[in-house]
Amino acid sequence: MQIWQMEPYPCGDRRLPHHVFPPKHMTPDQLMTRAGVQYFKVDLDDTVAMKKRLSRVKTENKINSSDVFTINESTPDLQDKLEEYYEPVTKDDNVVSMVTDGTCYFDVEPEEDDWIRIQVERGDLIVIPKGLSHRFTITPKNNVQMQRFFTKSKSIDEN
Ligand SMILES: CSCCC(=O)/C(O)=C/O
């Protein structure tokens with residue numbers, strides 16, 4: 001995972017990093033302090049350790065369902081979907097996601113117009129707290145697969 005402060009008014013390709021100048025990186029602890037986002041590194045090749053971590057995260061977040069979310073160049077209506085996911089949202093439940101392949105960005109907004117970009121990769125599990133404005137987009141690799149965990153049963157329209 002990499003975390004940095006985003007420039008206030010990013011223009012152009014959203015997949016670019018959009019650092020402030022000079023770049024201002026953050027640690028996971030700073031991210032937790034500033035935005036309340038939890039981060040875990042999961043060894044996906046260690047099934048026992050992975051199950052233990054997921055079990056704990058599921059209990060703490062009252063998770064009762066999950067799906068596999070994939071976005072890549074073969075995704076139908078890719079641009080429309082990316083537009084949709086880049087719209088800031090604030091959820092009533094924690095947003096729990098674990099990347100299983102590729103990379104993506106979650107941007108979080110702890111204060112109005114103050115965006116922190118979180119680049120996640122395989123094995124990164126993040127918990128965005130309920131009530132925190134956030135958005136999603138892809139990196140120049142144009143590929144991410146993740147497992148998303150939900151507190152309530154989710155209708156297909158909410159994807
Ligand atoms: C890959 S999820 C994109 C949208 C989002 O951030 C969210 O929280 C949906 O529930």
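This passage describes the surroundings of the ligand and the salt bridges of the structure. The model is predicted; local features require pLDDT of at least 70 and side-chain atom pairs count only at pLDDT 80 or more, whereas totals for chains, interfaces and linings use all residues. Residues are numbered from 1 along each chain as its sequence is written, and side-chain values use heavy atoms, with hydrogens and water left out.

The ligand is surrounded by Phe69, Tyr85, Lys91, Val95, His134, Phe136, Met146 and Arg148, a residue being near the ligand if one of its heavy atoms lies within 4 Å of it. By class, this shell comprises five nonpolar, one polar and two charged residues; Ala, Val, Leu, Ile, Met, Phe, Trp, Tyr, Cys and Pro count as nonpolar, Asp, Glu, Lys and Arg as charged, and the others, Gly among them, as polar. At least two residues of the shell come from each of β8 (133-138) and β9 (143-150), strands being DSSP runs of E with at least two residues and helices runs of H or I with at least four, numbered from the N terminus. An oxygen atom of the ligand lies 2.7 Å from a polar side-chain atom of lysine 91. For histidine 134, an N or O atom of the side chain is likewise found 2.7 Å from an oxygen atom of the ligand. Of the 310 Å² of accessible area that the ligand has on its own, the protein covers 91% (Shrake-Rupley method, 1.4 Å probe).

The structure contains 10 salt bridges, each defined as a side-chain nitrogen of Lys or Arg within 4 Å of a carboxyl oxygen of Asp or Glu. One of these joins glutamate 83 and arginine 14, with an N to O distance of 3.1 Å. Because glutamate 83 belongs to helix α3 (residues 78-86) and arginine 14 to the loop between β1 (2-5) and β2 (25-26), the pair ties together parts that are 69 residues apart in sequence. Glutamate 83 is partly exposed at 42% relative accessibility, as is arginine 14 at 27% (buried, under 20%; exposed, over 50%; partly exposed, in between; 1.4 Å probe, protein chains only).

A salt bridge between glutamate 121 and lysine 41 has its closest N and O atoms 3.5 Å apart. This pair links strand β6 (residues 114-121), which holds glutamate 121, to strand β3 (residues 38-41), which holds lysine 41, across 80 residues. Lys41 and Glu121 also form a salt-bridge network with Asp124.

Within helix α2 (residues 47-60), arginine 56 and glutamate 60 are four residues apart, about one turn of the helix. Their salt bridge has a closest N and O separation of 3.3 Å. Arginine 56 is exposed at 51% relative accessible area, whereas glutamate 60 is partly exposed at 43%.

Definitions and conventions
A polar contact is a pair of N or O atoms within 3.5 Å; within protein, one must be able to donate a hydrogen and the other to accept it, and residues adjacent in sequence count only if both atoms are side-chain atoms.
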